[in-house]
Amino acid sequence: MTHDEILARLAELRAADAPTHGGHVLSYVYDSGMAELDELAAAAVRAVQPVNGLDPTTFTSVATLERELIGFVRDLLHGDDEVVGSVTTGGTESCLLAVKTARDLWLAQRGLEPGVVRPRMLAPVTVHAAFQKAAHYFGLQLDLVPVEADGRVDPARIAELLADDVALVVVSAPSYPFAALDPVGEVAALCRTHSVPLHVDACIGGLVLPFWPGLPAWDFLVDGVTSISADLHKFGYAPKGVSVLLQRGRDRQRAQFFATTRWPGYPVVNPTILGSKSAGPLAAAWAIVQALGTAGFGDLADSCVRSTAALRTAIDGIEGLRVVGDPVGPLLAVAADDSVEPGRRVDPHHWADAARASGWVLQLQPGVSGMPPTTHLTITPVTEAALAELIPALVAAGDSVRGVPHVDPSGFLAALPPLEGGLDSQTAWALLQGFGIGGSTGSGGPLPAQLAPLLALIEVLPPPIAERLLIELIGRLAEP
């Protein structure tokens, strides 16, 4: 293929994606609305394109970019000179490393090796799924603590579970599903009493909550907070994937590293999970921080404050819907309003499907862990310019599905064959096709135009079966 043919093919593929700019996708993408920032980020990536972030002693620019980026985020989150950190490839890696550090220190303090015992980790059910992955990878027992109706964890529930075998407690600032700011100060006081480290997952809030009005202290101002994760590829507006993990204390942060001189190659010293890695997202995030500074991030946060308030008011005005809890930051979770008669309620999943049909992509969230089915909206600075179109579209979507009940998947469940043992790929694929997902031929195939039936299945299927079906679906999408 020629240069032009290759780029034309790439453009064709990208045309099928959800739009990453313009505010029509209210999840996954974080659009500053400033084209010049995107151009700056692209130029920064190109400048370091051949650089290997593995070795800052060879590519000294990497160390400088990291140092200055970490310093900016540390100052924003009120860390002192004892707070040090690492740039990672995303929030998941930051969360994994926070958990690995806590596990390793807990084991070292007791003279134990990994695998001998399983320390516990406490977190609200609303904590990001990355912590479930971390517990799975690193052999911890994860105790998920129920939350209140507003999505916040009750510190008393954590207090009941604190014991010597707890290696880490995690809270969110805010939680992704419901935008609930957990009571960091109260939980930190409990953790100090029991000498248990506390991680604040601010992956989504770390670069915007410092500018959000009227919040209690939740960052390193709180005594007892030992680590914080904050993503630059969210409200830092950098390309995927770049995040920062900050740890209070050099000795704690050094426990995060992996190093070995026990092979005949070069000495390996990795502060993060990856070895070789692109310096592109790091350079892009650094460039955006240099361009915006604290004042620039504050201006963009102010836009998010205004848009979030406008959207909350608009949703409050849609009969049959309600905003869950008292959301903090530029996120909203929307549920059916059970205070109105069933014929006037709006199912949030049907609402999201209707909005998608008119060009607005909202994120469906299943009703699990004692929480209702919801639809998630992430508000970014570009949302403000889109409000004049977005709000009428959301109102019209609500009107079009008012009174339509939540999908009843009992018919699908009745058609399930007896499932003994694990599902193999062919059986899982056949079940998906029976549910009308994935097409009838070939790998992948079309996804359903409406996602409400899929979410209803996730809500009622036993988690191991639902997870296996989703693995099969995603696996098939990328098969040759």
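Which residue stands opposite Gln 365 in S13? This tour of a predicted model begins with that position and then moves to a pair of helices.

**First stop: the strand pair.** Select Gln 365 and look across to strand S13, where Thr 374 stands opposite. Next, select residues 363-365, which form strand S12, together with residues 374-378, which form S13. S12 and S13 pair in the antiparallel sense, over three bridges. Strands of a sheet pair through backbone hydrogen bonds, in either a parallel or an antiparallel manner.

**Second stop: the whole sheet.** Extend the selection to the four strands of this open sheet, whose order is S10-S11-S13-S12 and whose pairing is antiparallel. The edges are S10 (321-323) and S12 (363-365), each of which pairs on one side only. From one strand to the next, the twist averages 30°.

Now add residues 280-316, which are helix H9. This helix packs on the sheet and touches S10, S11 (331-336) and S13. The direction of H9 makes about 5° with that of S11.

**Third stop: two helices.** Two packed helices are described by the angle between their axes and the distance between the axes. Select residues 348-357 for helix H10 and residues 452-460 for helix H14. Their axes come within 9 Å and cross at roughly 150°; H10 is therefore roughly antiparallel to H14. The crossing of H10 past H14 is right-handed.

Finally, display the side chains where these helices meet: His 349, His 350 and Asp 353 in H10, with Ala 452, Leu 455 and Glu 459 in H14. By class, this contact has two nonpolar, two polar and two charged residues.

Technical notes. Residues numbered from 1 in each chain as written. Predicted model: local features only at pLDDT ≥ 70, side-chain atom pairs only at ≥ 80, totals over all residues. Heavy atoms only, no water. Axes fitted to C-alpha atoms, helices over the stretch in contact; angles between N-to-C directions. Helix = DSSP H or I, 4+ residues; strand = E, 2+ residues; numbered from the N terminus. Parallel < 35°, antiparallel > 145°, perpendicular 65-115°, else oblique. Left-handed = near helix turned anticlockwise from the far one by under 90°. Contact = heavy atoms within 4.5 Å. Nonpolar A, V, L, I, M, F, W, Y, C, P; charged D, E, K, R; others polar. Pairing = 2+ DSSP bridges.
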